[in-house]
Each structure stands twice: as structure tokens, then as C-alpha cells.
Amino acid sequence: MISDTLLRAARRTLFAGATAFVVGILAVPSFVTPTIASDGPPSVADLAERLLGAVVNISTSQTVKGTEGPGAVPMPQLPEGSPFQDFFDDFFKNRNGDKGGGGQKVQSLGSGFVIDAEQGIVVTNNHVIADADDIEVNFSDGATLKATLIGTDTKTDVAVLKVDPKGHKLTAVKFGDSTRMRVGDWVMAIGNPFGLGGTVTVGIVSARNRDINSGPYDDFIQTDAAINRGNSGGPLFNANGEVIGINTAIISPSGGSIGIGFSIPSQLAAGVVDQLRQFGETRRGWLGVRIQPVTDDIAESLGMATAKGALVAGVIKGGPVDNGTVQAGDVIIKFDGKDIHEMRDLPRVVAESPVGKAVDVVIVRKGVEQTVKVTLGRLEDGEKLAKGENGNTDQGNGDKAPPVSAASVLGMTVGELNDQTRQKFGIAADVSGVVITDVAKDSAAAERGIQPGEVITEIAQESVGTPKDVMDRIGALKQQGRKNALLMLASKTGELRFVTIRMD
């Protein structure tokens, strides 16, 4: 038997061990602190002091016309996402206007930064200076200079200003490489939140490649560094003091920072700034195709092992690939050496490419991977061309066409595309295929949003011209054991899209 003395000693030992364990848990932060300190400096004062002089406040003024009615004061039409909406809401609420009926001066504030001290070049957001009559750049030492607008880009929300470099001694910062930033890296934001000026906040990169549906090239850096109204246009720095982002948007139900801010990555912004400085406008590469996502159903229908890339839904007439180099139904999986993982990757990498550059494009065509050479056009010219093409609504005429032969398939009634059906549905003369005259309610076709008046041009990448062709192609796919049919549909004006329909 164990003596009472030994039992008491054992209890003391166990109790002491348990106490040490509890104390160890409570003391964990003291052991963790040195690790955090080695990754993030205990003070960023030296870095902030070096950078503050290059960050500026942007103030703008705009004259807006008075509204009708005695004493009415106009509410300025601010750009969407402007950081000053709340200020103007409060200012104009229950406020009497100028009885003289003249224009009302309104002002706004934002942030920016100097990237070229010798030339006096300042970068900010487009929405900070949009529609401004006068723009002033305010420096951290209190100096103020008038600014002129060099150029803007609404697609990326970037604007470039110029001030007189002789009017004030300027301090510049340079762009860094945003592609090297990793989730968890330290970042610093400096700006003009709520008009306070010269405000420094620190956080980390919370996420990358964020798409917030604000533009065609969304690829934002998300950060938890406090960004508020007025920070728009200000820089997001890495630990070396390089600009790796331009702060442009926040998500907040209250209007204040909740730790979800977004910055335009320098990889995207730097190229835009260079073009605006050089040309006063952007000159983006253009491929001349309409694209849509590659879903699992579409990938299966095309014989692809995985859903990836961008599906070419149409080729714009007169565009760079209107020579048949790229065709509707092709899937672009690589562009100029860059993998295209999903549809939204393609517009961004194409736009970043120089106009006139010859690039290799890897496509999957009817299940076979191949590489084609494409010389890029200019997006700005292509947009005008695309608008003209979309505006082509030339309709056929005549009401003495022969009767339409029809067939029912996959919940659709399809018929011949002739003068009679063109006139009935307003289908352009250059659209060819088999017209959909009716869609059954609750059918597989209805679930895919197919509408009467759309035209089936291809099924499983084979052209169809008659209702019999449609029936034969569907029958052949069923015999092959296919579960879905891939249809290329044309709108009334000829815009193409791909849709998969279940055949079970």
C-alpha cells in the first residue's frame, strides 16, 4: 500500500503541474509576441515619416445648376461610390438655396500621391475628380497647387493629374510589384479620411483577386487597413514603401471602415497611368471576341476534362480574329503564355497587352488543343465597331413566304428561318439557323432562359439550317450517350451565346 505521505506528495506534484499548465496557457501571448514582431515592425514611424510627403489631399469644386422652385438647392450628382455622399446628404438636407437662381458651388475631397516629382505627376481615382471644374492638390506641409487633368480611365477608376513642379518641392513614390504580395503581408494606407488629412493606418493583405463587379477588370487587393470615405485615390504601400495598390472602395453598411477595403493592384494601375501620361487616354489590346464562362455542362459537351478557360460565343466582324483564326465555340485556355482559368481572366490579360502585338493563343476546338497566332487590335476602336454591329437590326420583309415547317424538341418548337419568321420576330438579315418559335413552360429550355425569337445556329458545334437538322443532331447525341446538348444561340441582332440543355 502507498503511504499517506506519498499520496500527499503525488497530489502536490499533480496540482503543481496543472497550475503550470494553466499559467502556460495564459502566458502564450508572451511567447508569440516576438514572432509577430519579427514579421511586422513594432513601429512604422520611420516608414510613415518617409512617405507622408508624397501623399496629397485632392480637393475639387463644381458648379451645379439650381433646381426649379423658389429657394431650391440642387443636390450634386456624385459619381457612384463617391466617398462624400454622406457629407452632401447632411449639407443639403433642409437647407434653403440661392434665391437668385444661380449655380451652386459644391466641393469634394479625396486622396492622391505623387509618382514623378520632376514632372509634377499625381495619381488619384477618377471618381474623386469626375466632373470637377477646379482641382487643387494639398500637401502635408499646408502648400496648395492648382492641378490640371491629364487623363482618366473609368474602367479602372484611375486619373492622372499634373501640378507645377516649380511651385512646391515634391516628394515622389514609385509603384511596386503587386503580384508579389501574399495574403498576410503587411501594408500601410495613407490618405485623407473624412477630410482629416495625413492619416496613417496599417493592416495586412486580407485577400487577392477580388471581383466586386465594379468594372470589367476587377482584380482588387482586399485589406483590413482602415480605409474610410476620403481615402479614395490614396496609396496602399508595402513594407518597402512602394505603392502596390490605389485605395478605391470599401464595403460598409455604416459608411465607416469595418476592415473590408479594396485597392486597385499596381500591376493593373501602373500600365494605365503610363498610357494616360503618354497619350491622355488608354490604348488597350483587343481580341475581338464575345465570351462566356465554361460551365461543367459546357465542358462535358465539348469533351473537356475540366471546366476552364473562356468560351468564344461570337467573333466581332472586322475584328482581329474575323479571319477565322478564332471561331465561335473555341475555348481559350492560354493567352500570350498566361493561363486563362476562368472567363474574367481573359479581358484583363488582353487589355494589358500592347496594341499591335502578335501573341500566341491556345484554344480547344472540337476537343483538340491547338495554338493560333493573333495580332491584337485596339479596344477603344473595337468598342465603336461592336456598337455598330449590335445596332444592325436590318429586318427582312415580305409576307408571302412559304409555310413554316416545324418540329418539337427539348421543350422547344423550332421552325424554318425565312422572310416571314424574320419579320415576325424582328431577326436581322445576316442571322442564319433555325428559329425558336415557342418554348414550353417548365421545360429544360425554359430553365435555361431560352426565348422565342432566338435562333439555333449550331448543335454540338455542327451547323443546323432546318428543323430536321435539329432533330437529327439531338438524336445522334442521344445515341452517343450524351446527357446534354450544347446549343449556339443567336439573338435577333446576331449576338451569340452557348447554352446546354438536358436531354433526359
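Let me start at strand β7, which covers residues 186-191 and contains Trp186, and let me say at once that what we have here is a predicted model. Trp186 counts as partly exposed, because its relative accessibility is 34%, a value that falls between the 20% limit for buried and the 50% limit for exposed. On the surface, Trp186 joins Val200 and Val202 in a nonpolar patch, and together these residues have about 220 Å² of accessible area.

From there I would like to move to strand β8, residues 199-210, which pairs with β9 in the antiparallel sense over 3 bridges; within that pairing, Ala207 stands opposite Gln222 of β9.

Strand β9 itself, residues 220-223, is covered on both faces, with Phe220 and Gln222 buried on one side and Ile221 and Thr223 buried on the other. In general, side chains in a regular strand alternate between the two faces of the sheet. β9 also pairs with strand β12, residues 261-265, again in the antiparallel sense and over 3 bridges, and here the bridge partner of Thr223 is Gly261 in β12.

Finally, what about empty space inside the model? There are 2 cavities of 30 Å³ or more, and the second largest cavity holds about 50 Å³ of space. Which residues line that second largest cavity? They are Ser178, Arg208, Asn209, Asp219, Phe220, Ile221, Pro265 and Gln267, and the elements that contribute two or more residues to this lining are β8 and β9. So that we keep the residues in view, I would point again to Phe220 and Ile221, which are buried on opposite sides of β9 and are both among the lining residues.

Conventions. Residues are numbered from 1 along each chain as its sequence is written. This is a predicted model: local features need pLDDT of at least 70, side-chain atom pairs count only at pLDDT 80 or more; totals for chains, interfaces and linings use all residues. Side-chain values use heavy atoms; hydrogens and water are left out. Buried means under 20% relative accessible area, exposed over 50%, partly exposed in between (1.4 Å probe, protein chains only). Helices (H or I, at least four residues) and strands (E, at least two) are DSSP runs, numbered from the N terminus. Two strands pair if DSSP finds at least two bridges between them. Patches are made of residues with over 30% relative accessible area and no salt bridge: like charges are joined within 9 Å, nonpolar side chains (Val, Leu, Ile, Met, Phe, Trp, Tyr) within 5 Å. Accessible areas come from the Shrake-Rupley method with a 1.4 Å probe; for residues, only the protein chains shown count as cover. A salt bridge is a side-chain nitrogen of Lys or Arg within 4 Å of a carboxyl oxygen of Asp or Glu. On a 1 Å grid over the protein atoms alone, a cavity is a set of points where a 1.4 Å probe fits but cannot get out, and a pocket is an open set with protein on both sides within 12 Å along at least five of seven lines; lining residues have an atom within 4 Å of a point. Grid points are joined across faces, edges and corners, and a volume is the space filled by probe spheres set on the points.
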